[in-house]
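Here is a friendly walk through one protein model, meant to be read with the structure open beside you. Shall we take a look?

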Amino acid sequence: MGSDVFRDADPLERILSVEIARVTEKAAVAAAMLRGRGDERAADQAAVDAMRVELDALPVDGVVVVGEGERDDAPSLYVGERLGRGGAAVDLALDPLEGTTICAKSLPNAITVVAVAARGSLLVVPDVYMEKIAIGPGYAEGVVGLDRSARDNISSLAAAKGVPVDRITACILDRPRHAKLIEEIRATGAAIRLIGDGDVAGVIHTTDPESTGIDIYMGIGGAPEGVLAAAALRCTGGQIQGRLQLNTGEKRNRADKLGLHDPEKIYDLSDMVSGDVIFAASGVTDGNLLEGVRFYANRVETHSLVMHSRTGTVRDMRTRHLGSSFFAR
Ligand code: VTB
């Protein structure tokens with residue numbers, strides 16, 4: 001059980017860690033057809049529909065634990081939906097279009113994301129906000145943490161990296177709620193990359209600061225996105241902490257029902273993802289780590305990352321699709 005599910009079914013692991021790319025690729029192509037059309041709902045729906053078909057074709061017995069919402073609000077890919085042709089019992093965490101607004105505006109870093117994990121190994125969170133802090137691999141455990149001030153975290157990270165504070169860049173969602181955090185970080189001399197959406201990508205960007213220019217992710221975003229980001233870091237290395245923002249009785253009740261009884265608890269990577277996980281993301285629009293979908297006269301090209309935590313494999317996959325199914329509109 002638990003973390004050995006992929007090893008026990010080695011052929012499955014091998015199939016999955018390639019087949020899973022199809023899931024995010026198809027969703028990326030569907031969303032990319034609607035890039036820059038100003039219609040977030042249509043782009044999201046196209047990605048959802050494409051992703052659902054591909055997930056349902058995987059050789060797994062999957063249950064969605066991070067999805068498009070509760071059953072009533074999300075007719076497809078809702079939390080609790082069972083998908084797959086049958087096989088190993090797995091949890092599915094997904095975001096068919098991370099950054100619907102950035103896709104609709106054709107801005108950078110819209111991606112499609114899926115994680116497949118051993119059953120029971122992903123933290124099931126309510127769809128509330130989560131305060132997060134994340135850094136990439138190569139740092140000692142505890143270099144940064146949510147129990148410390150922004151100033152402390154930035155200076156501790158700079159010291160660990162061996163650079164002055166003004167060489168650190170933090171990625172933060174551009175939201176009014178972050179005004180104080182932004183002020184505090186700017187006062188340290190560190191730089192801030194403000195993003196409009198897409199904090200799963202924001203966290204993943206910390207894993208390759210040389211390419212992305214981002215050293216640390218900070219601030220408040222969606223809790224489901226926190227678990228997805230943790231799945232990626234479980235594969236690449238890195239650290240993440242998250243604290244649910246349970247500022248009403250109703251939210252505390254929802255968390256309580258999921259077994260999350262301490263509203264102040266800081267969840268770390270192993271709390272959010274406790275077992276083996278396969279993670280895939282494909283670019284919809286061009287970004288720092290992933291290129292967006294390219295349409296040519298006779299083919300479509302996609303760019304994906306597929307990672308597996310147990311083996312430590314990170315596949316950087318550029319794929320040419322010549323099949324007509326990719327052109328169907
Ligand atoms: C973030 C971001 C998402 O939601 O989690 C954000 O990564 C948080 O919510 O892409 P607000 O938009 O309310 O700040 C998204 O923007 C959309 O799910």
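## A loop residue to begin with

Let's start at N109, which is buried because its relative accessibility is 15% (buried means under 20% relative accessible area, exposed over 50%, and partly exposed in between, with a 1.4 Å probe and protein chains only). N109 sits in the loop between α4 (100-104) and β4 (111-118); helices (H or I, at least four residues) and strands (E, at least two) are DSSP runs, numbered from the N terminus. The phi angle of N109 is near 80°, a positive value in a residue other than glycine.

Before going further, a word on what you are looking at. This is a predicted model, in which local features need pLDDT of at least 70 and side-chain atom pairs count only at pLDDT 80 or more, while totals for chains, interfaces and linings use all residues. Residues are numbered from 1 along each chain as its sequence is written, and side-chain values use heavy atoms, with hydrogens and water left out.

## Around the ligand

Which residues surround the ligand? They are E98, G99, Y129, L173, R175, R177, D197, G198, D199, G221, G222 and E225, where a residue is near a molecule if one of its heavy atoms lies within 4 Å of it. Sorted by class, this shell has two nonpolar, four polar and six charged residues. For that sorting, Ala, Val, Leu, Ile, Met, Phe, Trp, Tyr, Cys and Pro count as nonpolar, Asp, Glu, Lys and Arg as charged, and the others, Gly among them, as polar.

The space taken by the ligand is the largest pocket. A pocket here is an open set of points on a 1 Å grid over the protein atoms alone, where a 1.4 Å probe fits and protein lies on both sides within 12 Å along at least five of seven lines. A molecule sits in a pocket if more than half of its atoms lie within 2 Å of its grid points.

## Polar contacts of the ligand

Three residues are worth picking out by their distances to ligand oxygen atoms. A backbone N or O atom of D199 is 2.5 Å from one ligand oxygen. The side chain of R177 places an N or O atom 2.7 Å from an oxygen atom of the ligand, and for E225 a polar side-chain atom lies 3.2 Å from a ligand oxygen. Taken alone, the ligand exposes 410 Å², and the protein buries 74% of that (accessible areas come from the Shrake-Rupley method with a 1.4 Å probe).

## Two threonines

T24 belongs to helix α2 (residues 10-32) and is buried, because its relative accessibility is 0%. Its side chain is joined to that of S282 by a polar contact of 2.8 Å. A polar contact is a pair of N or O atoms within 3.5 Å; within protein, one must be able to donate a hydrogen and the other to accept it, and residues adjacent in sequence count only if both atoms are side-chain atoms.

T169 is in strand β6 (residues 169-173). Is T169 buried or exposed? With 15% relative accessibility, T169 counts as buried. A polar atom of the T169 side chain lies 3.5 Å from the backbone oxygen of G213.

## Buried and partly exposed positions

L77 lies in the loop between β1 (60-66) and β2 (82-83), and its phi is near 60°, a positive value in a residue other than glycine. L77 is buried, because its relative accessible area is 0%. V90, in strand β3 (residues 88-98), is buried with a relative accessible area of 0%. The C-alpha atoms of V90 and S121 are 8.8 Å apart, with their positions 31 residues apart along the chain counted as their separation. Turning to a helix, I154 is found in α5 (residues 150-161) and has a relative accessible area of 0%, so I154 counts as buried. I154 and R52 are 102 residues apart along the chain, and their C-alpha atoms are separated by 40 Å.

D174 is placed in the loop between β6 and α6 (179-188). Why does D174 count as partly exposed? The reason is that its relative accessible area is 44%. From D174 to R193 the C-alpha distance is 8.8 Å, and the two are 19 residues apart in sequence. E250, in helix α10 (residues 249-257), is partly exposed at 46% relative accessibility. E250 and D152 are 33 Å apart, C-alpha to C-alpha, and 98 residues apart in sequence.

Terms used:
1 Å grid on protein atoms, 1.4 Å probe; cavity = no way out; pocket = protein on both sides within 12 Å on 5 of 7 lines; lining within 4 Å.
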